[in-house]
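Q: I'm new to this structure and would like a close look at a single part of it. Could you walk me through one helix and its neighbours, salt bridges included?

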Amino acid sequence: LNNVVSPQTSAITSGTSGCYEEQGSSASLNYIETNMVSLKADAARGQGETIEGLMTLLGCAQSPAVKSEIKNNYQSIFNSNSATSILNAIKTNSVVRSSCGSVG
């Protein structure tokens, strides 16, 4: 399974899948839904390919601070399996709002 998932995650993270060009809520929601399991694991650790991909989609200039904030607030952000709820929780965080250009 990792061989199937990993190439797509790398493509999204590196921008080769075209997702990098499509920033904003729609792309972020789709990304969260598609990568839910891996994103939760990466968010809990504060590092990894899927959280890097989300940082790219959100336009985060200070991704280390944002990843740390998401890790520290994991329980409140991922208290639901709804991509919309997760994205809203991320977007309403003050550190995310001040560090990420595509959050609005």
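A: Let's start with R45, which is partly exposed, its relative accessible area being 45%. Keep in mind that this is a predicted model. R45 has a partner: it forms a salt bridge with D42, and the closest N and O atoms are 2.6 Å apart. Both sit in helix α3 (residues 36–45), and because they are 3 residues apart there, about one helical turn separates them. D42 itself is buried, at a relative accessible area of 8%; the cut-off for buried is under 20%. So this salt bridge joins a buried residue, D42, to a partly exposed one, R45.

Now follow D42 across to the next helix. D42 is among the α3 residues that meet α4, together with S38, L39 and A43. On the α4 side, the residues they touch are E49, T50, I51 and L54. Sorted by class, this contact of α3 with α4 has 4 nonpolar, 2 polar and 2 charged residues. As for how the helices sit, α3 and α4 pack at an angle of about 95°, with their axes 7 Å apart. That angle makes α3 roughly perpendicular to α4.

Helix α4 (residues 49–58) has another neighbour to look at, helix α5 (residues 63–72). Here the packing angle is about 120° and the axes are 11 Å apart, which means that α4 is oblique to α5. The crossing of these two helices is right-handed. From α4, the residues I51, E52 and M55 come into contact with S63, V66, K67 and I70 of α5. The class count for the contact of α4 with α5 is 4 nonpolar, 1 polar and 2 charged residues. You may recognise I51: it also belongs to the α4 side of the contact with α3.

Two names in that α4 and α5 contact deserve another look, E52 and K67. They form a salt bridge, with the closest N and O atoms 2.3 Å apart. Since E52 lies in α4 and K67 in α5, the pair ties together parts that are 15 residues apart in sequence. Here, too, one partner is buried and the other partly exposed: K67 is buried, with a relative accessible area of 10%, while E52 is partly exposed, at 27%.

As background, side chains of opposite charge can pair when their charged atoms come close. Searching the whole structure turns up 2 salt bridges: D42 with R45, and E52 with K67.

Notes
Residues numbered from 1 in each chain as written. Predicted model: local features only at pLDDT ≥ 70, side-chain atom pairs only at ≥ 80, totals over all residues. Heavy atoms only, no water. Axes fitted to C-alpha atoms, helices over the stretch in contact; angles between N-to-C directions. Helix = DSSP H or I, 4+ residues; strand = E, 2+ residues; numbered from the N terminus. Parallel < 35°, antiparallel > 145°, perpendicular 65-115°, else oblique. Left-handed = near helix turned anticlockwise from the far one by under 90°. Contact = heavy atoms within 4.5 Å. Nonpolar A, V, L, I, M, F, W, Y, C, P; charged D, E, K, R; others polar. Salt bridge = Lys/Arg side-chain N within 4 Å of Asp/Glu carboxyl O. Buried < 20%, exposed > 50% of the residue type's maximum accessible area, 1.4 Å probe, protein only.
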